[in-house]
Amino acid sequence: MSVPPSPLGRRERNKQAKLDRITAAARQLFAEHGIDDVTTQQIADAADIGTGTLFLYVKSKGELLLMVQNSSYADALARGRAAADATRDVVDAVMAIIRLVVECNRAQVDNGRTYLREIVFGDPAEPHHRDALGYTVETEEAIAAVLRRDERLTAADAATLAHVVIAVLFLSLAATANLDHSVDEIVKDIARQVRAVLQQ
């Protein structure tokens with residue numbers, strides 16, 4: 001017989017409510033202005049807390065962005081996996097995952113590029129950074145699972161190719177040359193590279 005979880009106490013509820021307000025304020029301000037044009041004071045004001053309180057929850061704007069983007073990334077990945085499951089062709093299924101990740105990352109271009117920079121150079125001991133790295137690994141695993149449909153590939157080959165595809169994805173999203181490119185243009189370019197890598 002399972003024991004039902006105990007309800008959160010008032011202190012924990014208050015902490016969660018503040019964290020929810022911080023996340024909502026950061027999400028809205030980052031979406032409207034981009035991370036570079038938003039101050040922590042603006043986020044604290046929008047969340048109706050003091051700046052000192054804000055820094056009890058996160059150490060930097062980079063962490064705030066990771067917190068906000070991680071939830072969007074997790075949703076995009078889940079939808080990408082579902083789309084891949086419904087797609088027969090291996091490359092098209094890989095691209096179904098990639099398209100949703102690209103759409104998520106390009107919702108606000110500067111935020112998306114900063115998110116990638118935080119993933120690569122951020123502190124892996126920080127929980128939101130660790131979560132972001134986890135989503136990267138999950139994306140790679142989802143792509144490897146699709147590639148394993150190809151009977152010519154061993155599991156090890158599929159994992160290696162998935163790693164290469166992730167590198168192509170991240171470089172395409174971070175490249176300054178792609179700043180003004182649409183989602184469709186980026187996806188088309190990634191698809192061309194993925195087909196070359198997979199020789200299909």
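This passage describes the overall make-up of a predicted model and then looks at one of its helices.

The chain is helical throughout its assigned secondary structure, with 9 helices and 0 strands. Read from the N terminus, the order of elements is simply α-α-α-α-α-α-α-α-α. Along the principal axes, the C-alpha trace spans about 55 × 55 × 25 Å. Of the contacts with a separation of 6 or more, 67% join residues 24 or more positions apart.

Turning to burial and surface, 40% of the 200 residues in the chain are buried. The exposed area of the chain comes to about 11,100 Å², and 54% of this area is supplied by carbon and sulfur atoms. The chain carries 23 positive and 28 negative charges, and the mean positions of the two sets lie 4 Å apart.

Helix H8 offers a helpful closer view. This helix covers residues 155-174, 20 residues in total, and reaches 29 Å from its first C-alpha to its last. That span is close to the 28 Å expected at 1.5 Å a residue. The buried residues of H8 are Ala158, Leu161, Ala162, Val165, Ile166, Val168, Leu169, Phe170, Ser172 and Leu173. An α-helix has 3.6 residues a turn, so residues three or four places apart point the same way. In H8, the buried set includes Ala158, Leu161, Ala162, Val165 and Leu169. The cover over the buried residues of H8 includes helix H5 (90-105), helix H6 (109-121) and helix H7 (127-147), together with helix H9 (183-198).

Note on methods: Residues numbered from 1 in each chain as written. Predicted model: local features only at pLDDT ≥ 70, side-chain atom pairs only at ≥ 80, totals over all residues. Heavy atoms only, no water. Helix = DSSP H or I, 4+ residues; strand = E, 2+ residues; numbered from the N terminus. Buried < 20%, exposed > 50% of the residue type's maximum accessible area, 1.4 Å probe, protein only. Contact = heavy atoms within 4.5 Å. Areas by Shrake-Rupley, 256 points an atom, 1.4 Å probe, with all protein chains shown as cover. Lys, Arg positive; Asp, Glu negative; His and termini not counted. Charge placed at Lys NZ, Arg CZ, Asp CG, Glu CD. Expected span 1.5 Å × (residues − 1).
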